[in-house]
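Reader: I'd like a close look at one part of this protein, namely its charged pairs. Could you walk me through them in plain words?

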Amino acid sequence: MEQLHSLVLGEGEPMIILHGFLGMSDNWKTLGRRYAENGLQVHLVDQRNHGRSFHSDTFNYDVLSDDLYRYMREKGLSKAIIMGHSMGGKTAMQFACDHPEMTKKLIVADIAPKFYPPHHNSILSALKALDLAAIGSRKEAETALAEQIEEPGIRLFLLKNLYRAEKDRFALRINLDVLGERMNEVGENIGNTDIFEGPTLFIRGGNSEYIDTKDTPQIVRHFPLATVKTIPETGHWLHAENPDAYFTITKHFIES
């Protein structure tokens with residue numbers, strides 16, 4: 001079985017950070033350095049079918065949790081702080097419930113333990129419509145995406161997946177076909193009876209609809225020690241929109 005690709009920063013207590021759907025470890029490099037500067041060994045991990053990690057036809061939270069288990073064993077990590085955003089947060093939740101003995105603390109960014117209906121169709125459609133053979137630059141790719149995606153920030157986020165496979169040919173790092181076929185799996189919940197009884201922090205964006213106040217009973221049912229914090233005036237990408245607030249909240253939780 002192939003190992004997940006990662007970037008490891010710093011020395012000290014292990015911390016693993018898991019990106020969201022269509023993201024990659026690079027999304028967390030700036031914050032990762034800040035954690036590393038505060039005495040943590042930070043593992044920025046690409047989940048399967050994302051970034052520089054392997055592609056596979058199998059894609060669900062059970063295998064994503066198993067991938068992380070194997071990664072920790074291969075890296076000699078007996079226990080770590082596990083942080084995940086969105087889809088990565090679901091992976092982190094599943095892993096903590098599957099392997100509580102390996103999870104020192106759990107941090108979940110803007111996702112709840114519940115089912116989410118598929119809502120990435122337009123983004124996947126725009127990516128599939130990219131004629132990579134005809135694109136000669138990132139600017140051309142962004143112009144093409146702009147025909148279907150109005151928000152510049154989302155376009156730049158997606159274009160992090162674009163790379164030169166050859167001198168004159170662009171490609172995408174994400175496994176677009178499988179992620180499109182398995183999109184329902186991204187919205188799935190963790191196991192109904194899964195519980196992690198260790199220290200847990202949920203952080204929500206004040207303007208995001210991903211975590212609602214009515215989700216609190218469900219959160220506490222799966223994570224009895226959970227606290228929920230809100231970063232005002234941020235959306236789903238709260239860690240990118242207000243990294244200082246995100247870092248302060250998480251640093252306090254890690255050190256408490």
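Let's start with E255: is it buried or exposed?

Author: Happy to, with the reminder that this is a predicted model. E255 is exposed, because its relative accessibility comes to 53%, and the cut-off for that label is over 50%. Its partner is K251: the two side chains meet in a salt bridge, with 3.2 Å from N to O. K251 has 25% relative accessibility, so it counts as partly exposed. Both sit in helix α11 (residues 243–255), and because they are four residues apart there, about one helical turn separates them.

Why would such side chains pair up at all? Side chains of opposite charge can pair when their charged atoms come close.

That pair is not alone, as a search of the whole structure turns up twelve salt bridges. One of them joins D215 to K114, with the closest N and O atoms 3.0 Å apart. D215 is in the loop between β8 (200–205) and α9 (216–222), while K114 is in the loop between β5 (103–109) and α4 (121–129), so this pair ties together parts that lie 101 residues apart in sequence. D215 counts as buried because its relative accessibility is 7%.

Then there's E142 with R155, whose side chains form a salt bridge at 3.5 Å, N to O. This pair links distant parts of the chain, with E142 in helix α5 (residues 138–146) and R155 in helix α6 (residues 152–159), 13 residues apart. Both partners are tucked away: E142 counts as buried at 18% relative accessibility, and R155 counts as buried at 10%. The cut-off for buried is under 20%.

Salt bridges can also join up into a network here, as they do for D26, K29 and R52.

One more arginine deserves a mention. R48 is in the loop between β3 (40–45) and α2 (61–74), and at 3% relative accessibility it counts as buried. Its side chain makes a polar contact of 2.7 Å with the side chain of D67.

As for the surroundings of that loop, β3 runs parallel to β2, and six bridges join the two. One pairing there is I17 with L44 of β3. On top of that, β2, helix α1 (residues 29–37) and β3 make a right-handed β-α-β unit. Strand β2 (residues 13–18) is largely enclosed by the rest of the structure, because five of its six residues are buried. It also runs parallel to strand β4 (residues 80–85), with four bridges between them, and I16 stands opposite I82 in β4.

How values were computed
Residues are numbered from 1 along each chain as its sequence is written. This is a predicted model: local features need pLDDT of at least 70, side-chain atom pairs count only at pLDDT 80 or more; totals for chains, interfaces and linings use all residues. Side-chain values use heavy atoms; hydrogens and water are left out. Buried means under 20% relative accessible area, exposed over 50%, partly exposed in between (1.4 Å probe, protein chains only). A polar contact is a pair of N or O atoms within 3.5 Å; within protein, one must be able to donate a hydrogen and the other to accept it, and residues adjacent in sequence count only if both atoms are side-chain atoms. Two strands pair if DSSP finds at least two bridges between them. A crossover is right-handed if, with the strands pointing away from the viewer, the path from the first strand over the helix to the second runs clockwise. A salt bridge is a side-chain nitrogen of Lys or Arg within 4 Å of a carboxyl oxygen of Asp or Glu.
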